[in-house]
Amino acid sequence: MASAPGAAPMKKALVVIPLVVAVGLIAILFPIVGPVRKSAAAIRIGRVHAGFQPTTGKLFVLVIGNDARHGNPNGALADAIHLVGIDTNSMKAGILNLPRDSWVTIPGYGTGKINESLVDGGPELVARTVESLTGIRIAYWVMTGFGGFYQIVKNVGGVKVDVPINLNDPSGSGAVMSAGVHKLAPLQALSFVRDRHDFPDGDVSRTANQARFLLALLRKLRHEVASNPASLLKWMSIARRYTRLDISLSELFRLAILASDVSPKDVSSVTVPVSFGFEGPQSVVFISPQATSIYARFKKKAHF
Amino acid sequence: MFLSVAGTSRNTVLKITAIVGLVALAAGIAAFILMDRGSSPTASGSLNHTPSAAPTLLPQAKWRVRAFPAAVTGKTTKKQLKAARIQGRRASQAIKNVYNALLLDPPAAERVIRAHFEPAAARAFLSARSRLPGRITLVRTTARTVRIGVDALNARKAVATVRVQLKGERKTRRIRLRAQSTLWLERIHHSWRVLAWRARQGPHR
């Protein structure tokens, strides 16, 4: 029996088209339904020391912002490093801002810029580096990249920030805004915390702006929780959606309650005093010896 | 004689039976009253303690409880509503116990708080003296509400807002108070425990 003309190409097409569609679907869907890699979470939270429970009423949390565009891949540099302290008795808090180019001793890796410690040993090594620098024992670390930061700001509906000066860095961070209070959308917020070209001292002022943003976020959390306490569960749900937790949900809930109890007016922020210089060809900042007394005060009181 | 003796004996037995029956009935009624008093927080307040304890039979405001699923992403499902209703009821029972003890049975307050609060929260609560000011008598609650948001994900966390208004007397002065608290609760092994709290109270005008 002779087949009709054009039947063979038709048969071939019937086999090939579904195959192409299937391969295409797998390619599209695999990143979504495939196994979630450790580094893919937008935000990560973990403990620095397993089983460590602060007993002195002082809790220290290291906040790390890395330069990864998506997730938290290995090899990202720590662009923002802030040590947040809370005195759980007085409910006063402090933020110690560490410039990313600070030249420090990285445990097990000699000396280097503090932001390289993330590449060398992940957030745990950043925490250990900060611990060896300040003498303060850190309980938790929180890390996010651009993606996680974007999602946080988007899901909380923007954050009101008092921008200290006019910013005009369209080609770098993309920050273009006037001085004063602005409600920042996710991309604007990202450009605000990334902008360093508008400041003569570059990264030092940028790190202070990042602390300003953290405070604005705290203000928003507190305001929402004051008007509707159940909104804390909403914040928890946002955190859960984008976070890879190395701590229990119960622990996260307790930390969230604690954070919502701190009034932004009781939070002081200090940037480590530094001087600019070079280490070989690298432009770095050297932490001033006066920082020692700041660390001691922070360790004792958890605020300034 | 036998008959008479037998008759006398039967009368005695009847009398004794009647007396025993009466005594048993009286004991039963007494036990019932005592048990009833023991289970009611408003009643137990007047049994054996401070002069500020609430009188037994003053009418108290009915608890109004509203439980809802919180942190819902998208549309609320029937499952979330059901979980919020069931767990909200259980969590609110713990809250009612705490407030009934605080306001109407002060001597039992510490025990009840330790039973329903996490140790650190209990210590803070007891040291903050977040309770009824002393020497208030004739405590009568006029409004008692609980609004409780139960985490929609797994109904293991909840946030409750409690509002209470009351009238009372201090010496000869009539006073009116209102108290508002926020309680953060977590379900641990089927029972709801208060992890943290925030409370304020003041005169109600």
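Biologist: In what order do the elements of chain B run from the N terminus on?

Modeller: This is a predicted model, by the way. The order in chain B is α-α-β-α-α-α-β-β-β-β, and that comes to five helices and five strands.

Biologist: And what does the secondary structure of chain A come to?

Modeller: Eight helices and 15 strands for chain A. Of its 304 residues, 40% count as buried. In chain B, buried residues make up 33% of 205.

Biologist: What share of the contacts in each chain joins residues 24 or more positions apart?

Modeller: Taking contacts with a separation of 6 or more, it's 66% in chain A and 59% in chain B.

Biologist: Let's talk single residues. Why is Ala80(A) called buried?

Modeller: The cut-off is 20 or more other C-beta atoms within 10 Å. Ala80(A) has 27 C-beta neighbours inside that radius, so it counts as buried. You'll find Ala80(A) in strand 3 of chain A, residues 78-87.

Biologist: What does Ala80(A) touch, leaving aside its neighbours within four places in sequence?

Modeller: Ile64(A), Gly65(A), Val193(A), Thr207(A) and Gln210(A). As for Val159(A), it is 79 residues from Ala80(A) in sequence, and their C-alpha atoms are 18 Å apart.

Biologist: Now the backbone oddities. What makes Leu138(B) stand out in its phi?

Modeller: The phi of Leu138(B) is positive, about 50°, although the residue is not a glycine. Leu138(B) lies in strand 2 of chain B, residues 136-151.

Biologist: How do you know whether Leu138(B) is buried or partly exposed?

Modeller: Buried takes 20 or more neighbours and exposed takes 12 or fewer. Leu138(B) has 13 other C-beta atoms within 10 Å, so it falls in between and is partly exposed.

Biologist: Ala155(B) has a positive phi too. Where is Ala155(B) found?

Modeller: In the loop between strand 2 and strand 3 (157-170) of chain B. Its phi is about 50°, and again this is not a glycine.

Biologist: What makes Ala155(B) buried?

Modeller: Same recipe: the threshold is 20. Ala155(B) has 22 other C-beta atoms within 10 Å, and therefore it is buried.

Biologist: On to helix packing. Why is helix 6 of chain A called oblique to helix 7 of chain A?

Modeller: Helix 6 (residues 231-242) and helix 7 (residues 249-260) of chain A pack at about 130°, with their axes 10 Å apart. Roughly perpendicular covers 65 to 115 degrees and roughly antiparallel starts over 145. The angle fits neither class, so helix 6 of chain A is oblique to helix 7 of chain A. The crossing of these two helices is right-handed.

Biologist: Which residues make that contact?

Modeller: Helix 6 of chain A brings Leu232(A), Trp235(A), Met236(A) and Ala239(A), while helix 7 of chain A brings Leu252(A), Phe253(A), Ala256(A), Ile257(A) and Ser260(A). They split into eight nonpolar, one polar and no charged.

Biologist: What makes helix 4 of chain A oblique to helix 5 of chain A?

Modeller: The axes of helix 4 (residues 186-194) and helix 5 (residues 203-227) of chain A come within 7 Å and cross at roughly 140°. Antiparallel would need over 145, so helix 4 of chain A ends up oblique to helix 5 of chain A. Ala189(A), Phe192(A) and Val193(A) of helix 4 meet Asn209(A), Gln210(A) and Phe213(A) of helix 5 in chain A. Those divide into four nonpolar, two polar and no charged.

Biologist: How many residues does each chain put into the contact between chains A and B?

Modeller: Chain A puts in 11 residues and chain B 14. On the chain A side, helix 6 and helix 7 each supply at least two, and helix 6 gives the most, with five residues. That side divides into seven nonpolar, two polar and two charged.

Biologist: Which residues touch the most other members of the largest nonpolar core?

Modeller: Leu62(A), Ile64(A), Val130(A), Ile138(A), Trp141(A), Ile95(B) and Ala160(B), out of 119 residues. Helix 3 (residues 78-104) of chain B gives the most to this core, with 11 residues. Not counting residues up to four places away in sequence, Ile95(B) touches Val146(B), Ala160(B), Val162(B) and Leu183(B).

Definitions and conventions. Residues numbered from 1 in each chain as written. Chains lettered and ligands numbered in written order. Predicted model: local features only at pLDDT ≥ 70, side-chain atom pairs only at ≥ 80, totals over all residues. Core = buried A, V, L, I, M, F, W, Y, C linked by C-beta atoms within 7 Å. Helix = DSSP H or I, 4+ residues; strand = E, 2+ residues; numbered from the N terminus. Contact = placed C-beta atoms within 7 Å. Axes fitted to C-alpha atoms, helices over the stretch in contact; angles between N-to-C directions. Parallel < 35°, antiparallel > 145°, perpendicular 65-115°, else oblique. Left-handed = near helix turned anticlockwise from the far one by under 90°. Nonpolar A, V, L, I, M, F, W, Y, C, P; charged D, E, K, R; others polar.
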